[in-house]
Amino acid sequence: MSDTVVIVGASLAGATAAHTLRTEGFEGTVVLVGAEAHLPYERPPLSKDYLQGKAERSDAFVHAQDWYTDNDVDLRLATTVTTLDLAGGQVVTGAGDRIRFDTLLLCTGSTPRTLPVPGADLAGVHYLRTVEDSDRIRAAFGESGDVVVIGAGWIGLEAAAAAREAGRRVTVLESAELPLLRVLGSEMAQVFADLHREHDVDLRFGVTVSEIVGDGAVSAVRLSDGTDVPAGVVVVGIGIDPVTGLAADAGLQVDNGVVTDEHLRTSDRRVYAAGDVASALHPAIGKHIRVEHWANAQRQGELAAKSILGQDVSDDRPPYFFTDQYDLGMEYTGYVEPGGYDDVVVRGDTASREFIAFWVSGQTVLAGMNVNIWDVSDDIAALIGRDVDLARLADPAVALDQL
């Protein structure tokens, strides 16, 4: 068992790993290093309740300050790690300090992709990743001016919903034909398009941005056809990239994330990775996948800690994520690559937005999404990978646990 575990990244995954090490009885040194000045926090509220002013910042903290002291976790905030010295068994901080490790866990997360067009650095152009980002966007939503959201993924749509809740006029610009098309496919993507149109969001699909226009501050978003969309606030949500620079510079295997086995061990047996940054071998799916959602960070933080302690553990549960937009609450369980399904089977009523949708290949369930129907995600998870009668799958009179 390691004497000193250093966790780089004071995130949900990092804080969960520290918690698990202690609850599993590890008595060695735990050092948790984070670049942000805040206690480790969960990110979903930043685009949901916190962005809308319905939650306090402290509600997002993984633990209160006292927990780290009481559990002898050496929490070093506002500390940036600049180098992984694997040969010397140390991490080097921006201040030049060296922290020795026996085992290293990388929870460096991800960073928003930036918009590669002129004017993207104007005042009023925002990205959403940190608490400060959410604070700035919420303040901007409280002022006058039109809001333009670039990108109709989860962050973009949740930001659009928050802006409408704040009374702003909102335009969403998306290069694809529908929102969330790569994730949900055309059948269920249409549900979210209809939802936002019903809330008076101006959705523009099949468009590309060529420039952000303004004199010091944004005044419009210019499209490739020359159209100017007025904007006092722009929120860019065009995806995120894993923060792999430290790992790559140290010689660890990197391929769309830090590559790990099913135990979250990297190409160096002393080093593990968890959360957004980890491209982990999924035992049930049979390939490396990188998942950018809350449940994955929490699950992998726990899994990495147990693996570090020598437990022979892996996680074959299907990926899970959720969203809340207006009066729509949704949970999604499973994994489907774009175009990797034959059909979508629906039980319930999509018009009233109370239904469950299943993505299937042949008769095999690949994923399920419950919309405004609750306490069914475990039953959905139990169906993943199983062959079922599709007629019974679509029948609300047949209990999910009877399929």
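Two strands pair if DSSP finds at least two bridges between them. By that criterion, strand β10 (residues 147–150) and strand β11 (residues 170–174) pair in the parallel sense over four bridges. The structure described here is a predicted model.

## Strand β10 and its surroundings

Within the pairing of β10 and β11, Ile150 stands opposite Leu173 in β11. The two strands belong to a right-handed β-α-β unit, with helix α4 (residues 154–165) as its helical element. Strand β10 also pairs with strand β16 (residues 233–236), again in the parallel sense and over four bridges. Here the bridge partner of Val147 is Val233 in β16.

Both faces of β10 are covered. Val147 and Val149 are buried on one side, and Val148 and Ile150 are buried on the other.

Helix α3 (residues 131–141) contributes the buried residues Val131, Asp133, Ser134, Ile137, Ala140 and Phe141. The buried residues of α3 pack against β9 (125–127), β10, α4 and β16.

Helix α4 also contains Glu158. Residues under 20% relative accessible area count as buried; Glu158 has a relative accessible area of 3% and is therefore buried. Leaving aside residues up to four places away in sequence, Glu158 touches Ser47, Lys48, Phe322, Thr323, Asp324 and Gln325. Two of these contacts, Lys48 and Phe322, return below as partners in a charge-over-ring arrangement.

## Strand β1

Strand β1 (residues 4–8) is mostly covered, with five of its five residues buried. Thr4, Val6 and Val8 lie on one side, while Val5 and Ile7 lie on the other. Strand β2 (residues 29–33) pairs with β1 in the parallel sense over five bridges, and Thr4 stands opposite Thr29 in β2. Between these strands the chain passes through helix α1 (residues 12–23), and the resulting β-α-β crossover is right-handed.

Strand β7 (residues 103–106) is also a parallel partner of β1, over four bridges. In this pairing, Val6 stands opposite Leu104 of β7.

## Nonpolar cores

In soluble globular proteins, nonpolar side chains tend to be buried together. The largest nonpolar core has 51 residues, of which Phe192, Trp359 and Met369 touch the most other members. Not counting residues up to four places away in sequence, the contacts of Met369 are Leu184, Met188, Phe192, Met330, Glu331, Tyr332, Phe355, Ile356, Ala357 and Trp359. A second, separate core of 30 residues includes Val5, Ala10, Ala18 and Ala304. Val5 is also one of the buried residues of β1.

## Aromatic and charge-over-ring arrangements

The structure holds six aromatic pairs. In one of them, the rings of Tyr332 and Trp359 have their centres 5.3 Å apart and their planes at 55 degrees, so the pair is tilted. Tyr332 lies in strand β23 (residues 328–334) and Trp359 in strand β25 (residues 354–361), so this pair ties together parts that are 27 residues apart in sequence. Both Tyr332 and Trp359 are buried. The two residues also belong to one aromatic cluster, formed by Trp154, Phe192, Phe321, Tyr332 and Trp359. Phe192 and Trp359 were named above for their contacts in the largest nonpolar core.

Two charged side chains that sit over aromatic rings are listed below.

| Charged residue | Ring | Distance to ring centre |
|---|---|---|
| Lys48 | Phe322 | 4.8 Å |
| Arg138 | Tyr50 | 4.6 Å |

Lys48 and Phe322 are both among the contacts of Glu158.

## Arg222

Arg222 is placed in strand β14 (residues 218–223). Buried residues are under 20% relative accessible area and exposed ones over 50%, with partly exposed in between; at 27% relative accessibility, Arg222 therefore counts as partly exposed. The residues that Arg222 touches, not counting those up to four places away in sequence, are Thr208, Val209, Ser210, Glu211, Val213, Thr227 and Asp228. Arg222 and Tyr326 are 104 residues apart in sequence and 28 Å apart in space, C-alpha to C-alpha.

Note on methods. Residues numbered from 1 in each chain as written. Predicted model: local features only at pLDDT ≥ 70, side-chain atom pairs only at ≥ 80, totals over all residues. Heavy atoms only, no water. Buried < 20%, exposed > 50% of the residue type's maximum accessible area, 1.4 Å probe, protein only. Right-handed = clockwise from strand over helix to strand, strands pointing away. Core = buried A, V, L, I, M, F, W, Y, C linked by side-chain atoms within 4.5 Å. Contact = heavy atoms within 4.5 Å. Phe/Tyr/Trp six-rings, centres within 6.5 Å; stacked < 30°, edge-to-face > 60°. Lys NZ or Arg CZ within 6 Å of the ring centre and 35° of its normal.
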